[in-house]
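Q: Please pick one spot in this model and take a close look at what surrounds it. After that, show me how the spot fits into the rest of the chain.

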Amino acid sequence: MAVTMHAKSDSEVTSLDPSSPPRSPRRPLYYVQSPSQHDAEKMSYGSSPLGSPNHYHCSPIHHSRESSTSRFSASIKNPKHATAWKKIHRDLELRAAADVEDDDEDDGFYSAGDRRVRLYLCLALAFVLLFTVFSLILWGAGRSYKPKIIVKDVVFRSFNIQAGMDQSGVPTDMLSLNSTIKISYRNPATFFGAHVSSTPVELYYYQLKVASGQMKEFYQSRKSQRTIVMVVLGHQVPLYGGVSVVGGAKDHLEKVAVPMNLTFVMRSRGYILGKLVKVKFLKSIRCPVILRGDRLSKPHKLVDSCIYK
């Protein structure tokens, strides 16, 4: 922009009346004139910055861009600076390549770790599956080796009925019984032994329990057998008129015939692979038998009369 200052002319000065009092000098007037298109082009291209006052009104941002661009161009044209720039550019490229390689190595490490984890999981699942299948095969094979249990006979050693009183002092007939039971047990399994136990062995006259006994637990090795002998006793069992068949035969016991039931349950457990695989067998046994007074101390055969479930 051009700034124009107008001063007073000589004619104006001479035309003033000398007798008039002195006035304060007028302030100079300034006018702002927009630059023409030609001047703007000169300013943008940096022509004669010192020759025109319009130089002071050019944009400082544009001037700084021109100076930085010119300095950058000059530094590139200089061979030393060009070499430095190439070295910096090369270092930046090497750093970028190293970062990419580190990222690739990290990705490879994590991917390899994930693959190992998946491999271990697959191996563990395969082992569990194979072990489960193998255990089921052993369990199924073990279930086919059911123990052979046979109640051979029972021997009534003594049988006695006499008058007495129960624990509350009520007078009634009291029964005493001593008997022995013989049982055969065989374990046919070829690859495991059997741990055998039993519920109490009991003799009933209908619903009245007249004698009981307990079999001791034992271990039966594979492909072996044994004969178990246990004692079943009843001592001073109050009858309360329950055994009516002996009411008139207390003095003639050889004529007595008392129907009884021998009942118990045998449990057999077999362990395969330590205790990881277990096979279990239950055998419920009920043997009806008749106690005859004339066959005391003689065996009563039960081989064909017992019911096994």
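A: Let's settle one term before diving in: two residues are in contact when they have heavy atoms within 4.5 Å of each other. Also keep in mind that this is a predicted model.

The spot I'd pick is Leu-203, which sits in strand S6, residues 201–205. Leu-203 has a relative accessibility of 1%, so it counts as buried, the cut-off for that label being under 20%.

What's packed around it? Leaving out residues up to four places away in sequence, Leu-203 touches Phe-156, Leu-177, Ser-179, Leu-208, Lys-209, Val-210, Ala-211, Val-232, Met-260, Asn-261, Leu-262 and Val-289. Take Met-260 from that list: in sequence, Leu-203 and Met-260 are 57 residues apart, yet their C-alpha atoms are 6.4 Å apart in space.

Pairs like that fit the wider pattern of contacts. Of the contacts in the protein chain between residues at least 6 apart in sequence, 69% join residues at least 24 apart. The fold behind those numbers has 4 helices and 13 strands. As for burial, Leu-203 is buried, and buried residues make up 25% of the 309 residues in the chain.

Another of the contacts of Leu-203 is Val-289, and strand S11 spans residues 277–292. That strand also holds Cys-287, which takes us to the disulfide. The count here is 1 disulfide, and it joins Cys-287 to Cys-306, with an S to S distance of 1.8 Å. The link is right-handed, with 110° about the S-S bond. Its partners are 19 residues apart and tie together distant parts of the chain, with Cys-306 in the loop between strand S12 (299–301) and strand S13 (307–308). Cys-287 is buried, because its relative accessible area is 0%. Cys-306 is buried too, with a relative accessible area of 12%.

For contrast, have a look at the outside. The protein chain exposes about 21800 Å², and carbon and sulfur atoms supply 58% of that. One nonpolar surface patch of about 600 Å² is made by Phe-127, Val-128, Phe-131, Phe-134, Leu-273 and Leu-276. Phe-134 belongs to helix H4, residues 79–143. With a relative accessible area of 42%, Phe-134 is partly exposed, whereas Leu-203 is buried at 1%.

How values were computed: Residues are numbered from 1 along each chain as its sequence is written. This is a predicted model: local features need pLDDT of at least 70, side-chain atom pairs count only at pLDDT 80 or more; totals for chains, interfaces and linings use all residues. Side-chain values use heavy atoms; hydrogens and water are left out. Patches are made of residues with over 30% relative accessible area and no salt bridge: like charges are joined within 9 Å, nonpolar side chains (Val, Leu, Ile, Met, Phe, Trp, Tyr) within 5 Å. Accessible areas come from the Shrake-Rupley method with a 1.4 Å probe; for residues, only the protein chains shown count as cover. A salt bridge is a side-chain nitrogen of Lys or Arg within 4 Å of a carboxyl oxygen of Asp or Glu. Helices (H or I, at least four residues) and strands (E, at least two) are DSSP runs, numbered from the N terminus. Buried means under 20% relative accessible area, exposed over 50%, partly exposed in between (1.4 Å probe, protein chains only). A disulfide is a pair of cysteine sulfur atoms within 2.5 Å.
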